[in-house]
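Here are my comments on the model you sent, set out as numbered points. Please read them with the coordinates open.

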Amino acid sequence: MRTALIIWFLFINLTSYLVMSEDKRRARLGRERIPEQTLFLLAAGGGATGVLAAMYRKRHKTRHLSFRLGIPLLLFVNAVIYGYLWT
């Protein structure tokens with residue numbers, strides 16, 4: 001179970017980081033954007049660490065109050081769930 005949890009954690013957070021980075025790239029190019037709902041779903045699915053890392057590393061969505069409050073809250077929820085599943 002722990003191995004699967006580690007694999008999921010790495011997969012979902014890498015995916016979340018890459019999707020946020022792609023949204024930033026699309027924003028710069030003026031192309032169709034990735035819906036914010038998708039970004040929040042990735043964070044809620046366990047990828048809040050990846051979304052938060054991309055937010056500050058890429059300086060993306062950092063002005064949106066929903067992201068500044070919502071992603072850290074989802075990070076806390078992720079930590080509780082991962083902690084519960086770890087034991």
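How many residues does helix α1 have, and how far does α1 reach from its first C-alpha to its last?

1. Helix α1, which covers residues 2-29, has 28 residues and reaches 40 Å from its first C-alpha to its last, a span close to the 40 Å expected at 1.5 Å a residue. This value, like every other in the note, is computed from a predicted model. After α1 comes G30, whose phi is positive, near 75°.

2. As for the overall architecture, the protein has 3 helices and 0 strands, and its elements run α-α-α from the N terminus on. The radius of gyration is 13 Å, close to the 12 Å that the globule rule gives for 87 residues, so the protein is as compact as a globular protein of that length. Taken along the principal axes, the box filled by the C-alpha atoms is roughly 45 × 25 × 20 Å.

3. On packing, 31% of the 87 residues count as buried. Where contacts join residues at least 6 apart in sequence, 67% of them link residues that are at least 24 apart. The accessible surface comes to about 5800 Å², and 66% of that surface belongs to carbon and sulfur atoms.

4. Which residues of α1 are buried? They are L5, I12, N13, S16, M20, S21, D23 and K24, and what covers the buried residues of α1 includes α2 and α3. A reader inspecting this helix may wish to look at D23 and K24 in particular, since both are on the buried list.

5. M55 lies in helix α2 and counts as buried, because its relative accessibility is 0%, where buried means under 20%. Leaving aside neighbours within four places in sequence, M55 is in contact with M20, H60, K61, T62, F67, R68 and I71; of these partners, M20 is itself among the buried residues of α1. The C-alpha atoms of M55 and Y17 are separated by 8.5 Å, although the two residues are 38 apart along the chain.

6. The loop between α2 (36-57) and α3 (65-86) contains R59, and K61 lies in that loop between α2 and α3 as well. Phi of R59 is near 55°, a positive value in a residue other than glycine, and K61 has a positive phi of about 70° although it is not a glycine. Most residues other than glycine have a negative phi, which is the reason for singling out this pair of backbone angles for a second look.

7. Are the side chains at these two loop positions buried or exposed? R59 is exposed, with a relative accessible area of 70%, whereas K61 counts as buried at 10% relative accessibility. K61 is also one of the contacts of M55.

8. L73 lies in helix α3 and counts as exposed, because its relative accessibility is 53% and exposed means over 50%. L73 and R57 are 16 residues apart in sequence and 19 Å apart in space, C-alpha to C-alpha.

9. Finally, on charge, the protein has 13 positive and 4 negative side chains, and the centres of the two sets lie 9 Å apart.

How values were computed. Residues are numbered from 1 along each chain as its sequence is written. This is a predicted model: local features need pLDDT of at least 70, side-chain atom pairs count only at pLDDT 80 or more; totals for chains, interfaces and linings use all residues. Side-chain values use heavy atoms; hydrogens and water are left out. Helices (H or I, at least four residues) and strands (E, at least two) are DSSP runs, numbered from the N terminus. Buried means under 20% relative accessible area, exposed over 50%, partly exposed in between (1.4 Å probe, protein chains only). The radius of gyration is taken over C-alpha atoms; the globule rule is 2.2 Å times the number of residues to the power 0.38. Contact means heavy atoms within 4.5 Å. Accessible areas come from the Shrake-Rupley method with a 1.4 Å probe; for residues, only the protein chains shown count as cover. Lys and Arg count as positive and Asp and Glu as negative; His and the chain ends are not counted. The place of a charge is taken as NZ of Lys, CZ of Arg, CG of Asp or CD of Glu. The expected span of a helix is 1.5 Å times one less than its number of residues.
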